Amino acid sequence: MPETAENVIDLLLSQHDEIRRLASNVEENSGQVRKDAFDRLRELLAVHETAEEEIVHPFARRAMGDRSHVVDDRLEEENKAKSILSDLEKMDLDSADFQETFSDFHKDLEAHATNEEKKEFPDIRKNATPEQLRGMAKAFRAAEAVAPTHPHPGVESPTKNVVLGPMAAIADRVRDAIGKARG
């Protein structure tokens, strides 16, 4: 594998940047621009969090040892985010309720990403070999390819993701295709 191959920390940081950009686009726009940004954000968050739960958090938990409560805190944040994201999906994107809820969600999203970057990623980087970091990036990409594209609160463990994720992913991708066909 070439030295320039992607490592999981760089991949996660890049996705966090994209999540931040999309969240700002949702908050700062309206109409179709907001809808398109929200749809992309929702899908990216759904697949990103699923892949983190399957690949990244288990490694971090082992790397942290007696500090593994840090991972539990991130999983709790992710469950809360999935619930709110699920609620946001059902709202009129140009309503005051959506704007208020999304503004709070955006702040929580930023705090979650920052928590991962400062409290979890350093332990991963310190305890993983370059080969492991690259291997996790490949596994992360594979997990994303079959992950659900909509939030599913309560499915934050690797086991639940493996058991329930494929069925949810198929249902989500069919739902997305129907939505696109309807325009």
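Helices α1 and α5 (residues 130-145) pack with their axes 7 Å apart, at an angle of about 45°. The model is predicted. Its chain contains 6 helices and 0 strands, in the order α-α-α-α-α-α along the sequence.

**The chain as a whole**

- The chain has 183 residues, of which 45% count as buried.
- Taking contacts between residues at least 6 apart in sequence, 78% join residues at least 24 apart.

**Helix α1 against helix α5**

- Angles that are neither under 35 degrees, over 145 nor from 65 to 115 count as oblique, and α1 and α5 are therefore oblique to each other.
- On the α1 side, the residues that meet α5 are Val8, Ile9, Leu11, Leu12 and Gln15.
- On the α5 side, they are Leu133, Met136, Ala137, Phe140, Arg141 and Glu144.
- Sorted by class, this contact of α1 with α5 has 8 nonpolar residues, 1 polar residue and 2 charged residues.

**Helix α1 against helix α4**

- Helix α1 covers residues 8-28, and its axis comes within 10 Å of the axis of α4, crossing at roughly 170°.
- Because angles over 145 degrees count as roughly antiparallel, α1 is roughly antiparallel to α4.
- The contact of α1 with α4 has 12 nonpolar, 5 polar and 7 charged residues.
- The two helices, α1 and α4, make a left-handed crossing.

**Histidine 48**

- Histidine 48 is part of helix α2.
- With a relative accessible area of 0%, histidine 48 is buried, since buried means under 20%.
- Leaving aside residues up to four places away in sequence, histidine 48 touches Leu12, Gln15, His16, Ile19, Glu116, Phe140 and Glu144.
- Among these, Leu12 and Gln15 also appear on the α1 side of the contact with α5, and Phe140 and Glu144 appear on the α5 side.
- Proline 148 is 100 residues from histidine 48 along the chain, and their C-alpha atoms are separated by 9.7 Å.

**Helix α3**

- Helix α3 runs over residues 69-89, which is 21 residues.
- At 1.5 Å a residue, α3 should span 30 Å, and its end C-alpha atoms are 30 Å apart, so the two values agree.
- The buried residues of α3 are Val70, Val71, Arg74, Leu75, Glu78, Lys82, Ile84, Leu85, Ser86 and Leu88.
- The cover over these buried residues includes α2 (31-64) and α4 (96-127).

Definitions and conventions. Residues numbered from 1 in each chain as written. Predicted model: local features only at pLDDT ≥ 70, side-chain atom pairs only at ≥ 80, totals over all residues. Heavy atoms only, no water. Helix = DSSP H or I, 4+ residues; strand = E, 2+ residues; numbered from the N terminus. Expected span 1.5 Å × (residues − 1). Buried < 20%, exposed > 50% of the residue type's maximum accessible area, 1.4 Å probe, protein only. Contact = heavy atoms within 4.5 Å. Axes fitted to C-alpha atoms, helices over the stretch in contact; angles between N-to-C directions. Left-handed = near helix turned anticlockwise from the far one by under 90°. Nonpolar A, V, L, I, M, F, W, Y, C, P; charged D, E, K, R; others polar.
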